[in-house]
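Let's take a walk through this model, starting from its packing and working out to the strands and helices. Keep the 3D view open as you read.

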Amino acid sequence: MSRKYFGTDGVRGRVGEKPLTPEFALKLGWAAGKVLGGQPGRQVLIGKDTRRSGYLFESALEAGFSAAGMDVGLLGPLPTPGVSVLTRNLGACAGVVISASHNPHYDNGVKFFGPDGGKLSDEVELRIEALLEEEMRCVAPEQVGAARRIARSVEQYVSHCLIAYRGPRLDGMKIVLDCANGAGYQTAPETLQRLGVQVIAIHAKPDGFNINEGCGSTHLESLQKAVLEHGADLGIALDGDADRCLMVDHEGRAVDGDEILYILANDRLRQHLLQGPVVGTLMSNLGLENALRAQGVAFRRAKVGDRYVLEMLRAEGGLLGGETSGHTLCLDRSATGDGTVTALQVLEVLATTGRTLRELAAGMQKYPQVLINVPVTGKAAPVLEAAGVKASVREAEAGLGQRGRVLLRASGTEPLVRVMVEADAQDLADSSARLIADRVREAANSIASAA
């Protein structure tokens, strides 16, 4: 069965439009409560990022869970990995995050964690979707769930991050921290300051609407500028729910998720702590694969989405995996992707080796990679199957030969077809990507006109 509402990272959409309506959130809470709770009296935790609409969906989900007989613990604004940590530590049967990650404020979403702090399997999400088609029935009045605010949720998560750091103190280090006006605006600065870092926090004043607005891991320009202006050692960029981390070196050069993964894998290899293969995705840069192979490290590619990276890591006994976008999994330190913990892992390498971020990333030579997002109306599958699109992919692959690769896929979170081409030369990557994108655009327009 294919999922109707759940994508690669929960349910996501524009606020007020199907499926992200108050009515849907109410029933989603009820359905999830019936599947994840099992019996009345079990507790679910709800956290959120800083979007204004988080209040709306928090209330609707709370009512739905209560109608299913589940008690609700409200965490307030907290990074997605923080909800995972507290779900596990407080013995809740499930955790819920209200967030649309790196998307603008007018989008929102709902994603779930199981009792182990991990994301739900496809099977469990399908069971929740099946209940959404049934009539909602409230439990008996004496079984209706209660709700309460969970005290010190920020402090509990900060403590978890500090435990994940095993290096020396970072006194004297100057870091610019871009909080994306999101869920990490309290926790990330506090964590770094308690390790001795001189923190220059930017985009750390959320107003409900400025989350990810020209800032965070999807917009590094202001961070790069601030690092140079302040003469900082480096910069750290989170996204709206703080499960991603990208970095900037002291010269303002961006360091992406592939390079971060290389740094962490290389250091664990140095310490004889690396286990299993390193797992990336279909989008991971070919330079990462080549650099790891040169070190004798096995590299695997999972489908795009950190949930699939996690599944492959568990299946193959690996510890490290991630995405170019900055979702990084360090399973020896955290059960899920965590932007703050990822940053701390890199800082640990800097502190123990005495090398700069630029020096650590230099061992990986990135292939030029061109990504073109082509908007589509409706489903992307017919566009991907169009004869002209398939022919353009064959033509591009023939031109690349062994010098690069092509990836064409539908976005799991937005109405887009993503065209990605890597090559050992920038002009070759550019021309190949444009060729395919033009054919995708033609096919999308043709299909939309015929509808």
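## The two cores

The model is predicted, and its largest nonpolar core is a good place to begin. That core has 59 residues, and Leu192, Leu234, Ile236, Met247, Val278, Leu292 and Leu347 are the ones touching the most other members. Helix H11 (residues 339-353) gives the largest share, seven residues. A second core of 33 residues lies apart from this one, with Val11, Met70, Cys93 and Val96 among its members. As a general backdrop, nonpolar side chains in soluble globular proteins tend to be buried together.

Val278 is worth a click. Setting aside neighbours within four places in sequence, Val278 is in contact with Leu261, Ala265, Leu292, Val297, Ala298, Phe299, Arg300 and Leu320. Note that Leu292 turns up in that contact list and also in the group of core residues touching the most other members.

## Strand E9 and its partners

Now look at strand E9 (residues 234-238), where five of the five residues are buried. Leu234, Ile236 and Leu238 point one way, Gly235 and Ala237 point the other way, and all are buried. That fits the general rule that side chains in a regular strand alternate between the two faces of the sheet.

E9 has a parallel pairing with strand E7 (residues 174-178), over four bridges, and here Ile175 has Leu234 as its bridge partner. E9 also pairs with strand E10 (residues 245-248), this time in the antiparallel sense and again over four bridges. In that pairing, Ile236 stands opposite Met247 of E10. The hairpin of E9 and E10 has six residues between the strands, and Ala242 takes a positive phi near 60° there.

## A closer look at Ala237

Is Ala237, which lies in strand E9, buried or exposed? Ala237 counts as buried because its relative accessibility is 0%. Leaving out residues up to four places away in sequence, Ala237 touches Asp178, Gly216, Ser217, Leu220, Leu223, Arg244, Cys245 and Leu246. For a sense of scale, Ala237 and Gly73 are 29 Å apart in space, C-alpha to C-alpha, and 164 residues apart in sequence.

## The six-stranded sheet

Over to an open sheet of six strands, with mixed pairing and the order E1-E5-E4-E2-E3-E6. Its edges are strand E1 (11-14) and strand E6 (147-149), each of which pairs on one side only. On average, and ignoring direction, neighbouring strands of this sheet are turned by 20° against each other.

E1 and strand E5 (residues 107-113) run antiparallel and are joined by four bridges, with Gly13 standing opposite Asn108 in E5. Helix H1 (residues 22-37) packs on the sheet, where it touches E1, strand E4 (94-98) and E5, and its direction makes about 10° with that of E5. Helix H2 (residues 53-67) packs on the sheet too, touching strand E2 (43-48), strand E3 (71-77), E4, E5 and E6; the direction of H2 makes about 170° with that of E2.

## Ser84 in helix H3

One last stop: Ser84, which sits in helix H3 (residues 80-89). Which residues does Ser84 touch, not counting those up to four places away in sequence? They are Phe113, Gly117 and Thr336. Ser84 has a relative accessible area of 1%, so this residue is buried.

Definitions and conventions. Residues are numbered from 1 along each chain as its sequence is written. This is a predicted model: local features need pLDDT of at least 70, side-chain atom pairs count only at pLDDT 80 or more; totals for chains, interfaces and linings use all residues. Side-chain values use heavy atoms; hydrogens and water are left out. Helices (H or I, at least four residues) and strands (E, at least two) are DSSP runs, numbered from the N terminus. Buried means under 20% relative accessible area, exposed over 50%, partly exposed in between (1.4 Å probe, protein chains only). Contact means heavy atoms within 4.5 Å. Two strands pair if DSSP finds at least two bridges between them. Axes are lines fitted to C-alpha atoms, for helices over the stretch in contact, and angles run from 0 to 180 degrees between N-to-C directions. A nonpolar core is a set of buried Ala, Val, Leu, Ile, Met, Phe, Trp, Tyr and Cys residues joined through side-chain atoms within 4.5 Å.
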